[in-house]
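Welcome aboard, and please open the model in your viewer. We will go from one selection to the next, with a short note on what to look for at each stop.

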Amino acid sequence: MNTFNIKGEFIQLNQLLKIMGWCNSGADANSFIEQGLVRVNDVIETRKRNKLFPGMVVKFELHQVKIAHEL
């Protein structure tokens, strides 16, 4: 499983999808989330700005990443 290190306390879900390159734009990220295509900790997440904290796992299509603190 890949790991994404955050500098602050959290990252928003739609920002993560875009940063990871899993979508072409923020609008695409928001659309995928609204359609229920993204899971956080194995639960469908439809909140675009859901705050992701270290330890959470995000899944989208064949992608999967665990959120961690930057060392």
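Before the first selection, a word on names: helices (H or I, at least four residues) and strands (E, at least two) are DSSP runs, numbered from the N terminus. Residues are numbered from 1 along each chain as its sequence is written, and side-chain values use heavy atoms, with hydrogens and water left out. This is a predicted model, in which local features need pLDDT of at least 70 and side-chain atom pairs count only at pLDDT 80 or more, while totals for chains, interfaces and linings use all residues.

**Stop 1: the whole chain**

Start with everything shown as a cartoon. You should find two helices and seven strands, running β-β-α-α-β-β-β-β-β from the N terminus on. The radius of gyration, taken over C-alpha atoms, is 11 Å, close to the 11 Å that the globule rule (2.2 Å times the number of residues to the power 0.38) gives for 71 residues, so the protein is as compact as a globular protein of that length. Along the principal axes, the C-alpha atoms fill a box of roughly 35 × 20 × 20 Å.

Now switch on the surface. About 4500 Å² is exposed, and carbon and sulfur atoms supply 47% of it; the areas come from the Shrake-Rupley method with a 1.4 Å probe, and for residues only the protein chains shown count as cover. Buried residues make up 32% of the 71 residues. Here buried means under 20% relative accessible area, exposed means over 50%, and partly exposed lies in between (1.4 Å probe, protein chains only).

**Stop 2: the sheet**

Next, select the strands. Two strands pair if DSSP finds at least two bridges between them. In which order do the five strands of the open sheet lie? The order is S1-S7-S6-S3-S4, with mixed pairing. Strand S1 (2–6) and strand S4 (43–44) are the edge strands, each pairing on one side only.

Zoom in on S1 and S7, which run parallel and are joined by five bridges. Phe-4 stands opposite Ile-67 in S7. Then move to strand S6 (residues 57–60), which pairs with strand S7 (residues 63–69) in the antiparallel sense over four bridges. Within S7, Val-65 is the bridge partner of Val-58, and Lys-66 is the bridge partner of Val-57. At the turn, the hairpin of S6 and S7 has two residues between the strands, and Glu-61 takes a positive phi near 50 degrees there.

**Stop 3: the nonpolar core**

Hide the cartoon and show side chains. A nonpolar core is a set of buried Ala, Val, Leu, Ile, Met, Phe, Trp, Tyr and Cys residues joined through side-chain atoms within 4.5 Å. The largest one has 18 residues, and those with the most contacts inside it are Leu-13, Leu-16, Leu-17, Leu-52 and Val-58. S1, helix H1 (13–19), H2, S3, S6 and S7 each give two or more residues to this core, and H1 gives the most, with three.

Pick Leu-17 and list its contacts (heavy atoms within 4.5 Å). Leaving aside neighbours within four places in sequence, Leu-17 is in contact with Trp-22, Cys-23, Ala-29, Ile-33, Val-38 and Val-58.

**Stop 4: the aromatic rings**

Select Trp-22, Phe-32 and Phe-60, which ring pairs link into a cluster. Rings of Phe, Tyr and Trp (its six-membered ring) pair if their centres lie within 6.5 Å; planes under 30 degrees apart count as stacked, over 60 as edge-to-face and the rest as tilted. The whole structure holds three aromatic pairs. Trp-22 and Phe-60 form a stacked one, at 6.5 Å centre to centre with 20 degrees between the planes. Trp-22 lies in the loop between H1 and H2 and Phe-60 in strand S6, so this pair ties together parts that are 38 residues apart in sequence. Both Trp-22 and Phe-60 are buried.

**Stop 5: two loops and a helix**

Go to Gly-36, in the loop between helix H2 (26–34) and strand S3 (38–40). Not counting residues up to four places away in sequence, Gly-36 touches Ile-44 and Thr-46.

Then select Asn-50, in the loop between S4 and strand S5 (51–52). Is Asn-50 buried or exposed? Asn-50 counts as buried, at 11% relative accessibility. Beyond four places in sequence, its contacts are Ile-11, Gln-12, Leu-13, Val-40 and Glu-45.

Finish on Ser-31 in helix H2, which is partly exposed with a relative accessible area of 28%. A C-alpha to C-alpha distance label from Ser-31 to Lys-48 should read 8.7 Å, with their positions 17 residues apart in sequence.
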